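This report describes one helix and two pockets of a protein model. Please keep the structure in view while reading.

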Amino acid sequence: MIESRKQAVSIRMNSTDVRKVKKLASRLGVRDSDVIRFAVKSMLARLGPLYDPEAHGRNLVPVFVESGAELLRFFEIDASRLEAIINGGVDIERRVDRDDIALLALTGTQEPYAALKLSELDRTERRERTAAELSESLRQYLYAKYVYRAIPESHLPREVAIHLPVEPEQQELAEG
């Protein structure tokens, strides 16, 4: 039997957020509680892997790539806590590298510094990039490394491939 009984939950919100909820509800022609339920359901869908006890390591990378900065800032999650969330109790082949976790954590608190650290990975291209381009490069880098890891580097878009470490002799072969 599936329990579909609803429960009342009390939440504390500042007056500005309450006013925004009321204005949104009025504009949509719905109740305040409908707006709040929509917000909760949307958040649960975005963060689904975090409440799945089987999701660890590289399986959590998409959650933190897609909503990481906002999530990390709101809950004030630092690199060590982020590592515990992602890598806690996971076997070695599913782990996310500490440097990559540090990059994710920096995007939540110090985006310009994260962009600088990511640009240091770029050994071939020297042009300046906007913060948005660097943010997309981080996304592509992490997805290529952890989510689409079965794809050979030669099949990655140039923007992604330039961020992956390249041995000096491989670099000379690629250039020559």
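## Helix α1 and the pockets

Helix α1 covers residues 15-28, 14 residues in total, and spans 20 Å from its first C-alpha to its last, close to the 20 Å expected at 1.5 Å a residue. The model is predicted, and local features are reported for pLDDT of at least 70.

Both ends of α1 can be examined in turn. At the N-terminal end, Asn14 acts as a cap: one of its side-chain oxygens lies 3.2 Å from the backbone nitrogen of Thr16. Just after the helix comes Gly29, whose phi is positive, at about 75°.

The discussion now turns to empty space. Rolling a probe the size of a water molecule over the atoms shows where such space is left. The two pockets are set out below.

| Pocket | Volume | Nonpolar lining residues | Polar lining residues | Charged lining residues |
|---|---|---|---|---|
| Largest | about 760 Å³ | 14 residues | two residues | four residues |
| Second largest | about 490 Å³ | six residues | two residues | four residues |

The largest pocket is lined by 20 residues, of which Ala39, Val40, Met43, Glu70 and Phe74 are the closest to its centre. Which helix gives the most to this lining? The answer is α2, with eight residues. Helices α1, α2 (32-46) and α3 (61-74) each supply at least two residues of the lining of the largest pocket.

The lining of the second largest pocket includes Arg5, Lys6, Gln7, Ala8, Val9 and Ile11. Further along the chain, Ser33, Ile36, Arg37, Val40, Lys41 and Leu44 also line the second largest pocket. Val40 therefore appears in the linings of both pockets, by the 4 Å limit that defines a lining residue.

Note on methods
Residues numbered from 1 in each chain as written. Predicted model: local features only at pLDDT ≥ 70, side-chain atom pairs only at ≥ 80, totals over all residues. Heavy atoms only, no water. Helix = DSSP H or I, 4+ residues; strand = E, 2+ residues; numbered from the N terminus. Expected span 1.5 Å × (residues − 1). Polar contact = N/O pair within 3.5 Å; in protein donor to acceptor, adjacent residues only side chain to side chain. 1 Å grid on protein atoms, 1.4 Å probe; cavity = no way out; pocket = protein on both sides within 12 Å on 5 of 7 lines; lining within 4 Å. Points joined across faces, edges and corners; volume = space filled by probe spheres on them. Nonpolar A, V, L, I, M, F, W, Y, C, P; charged D, E, K, R; others polar.
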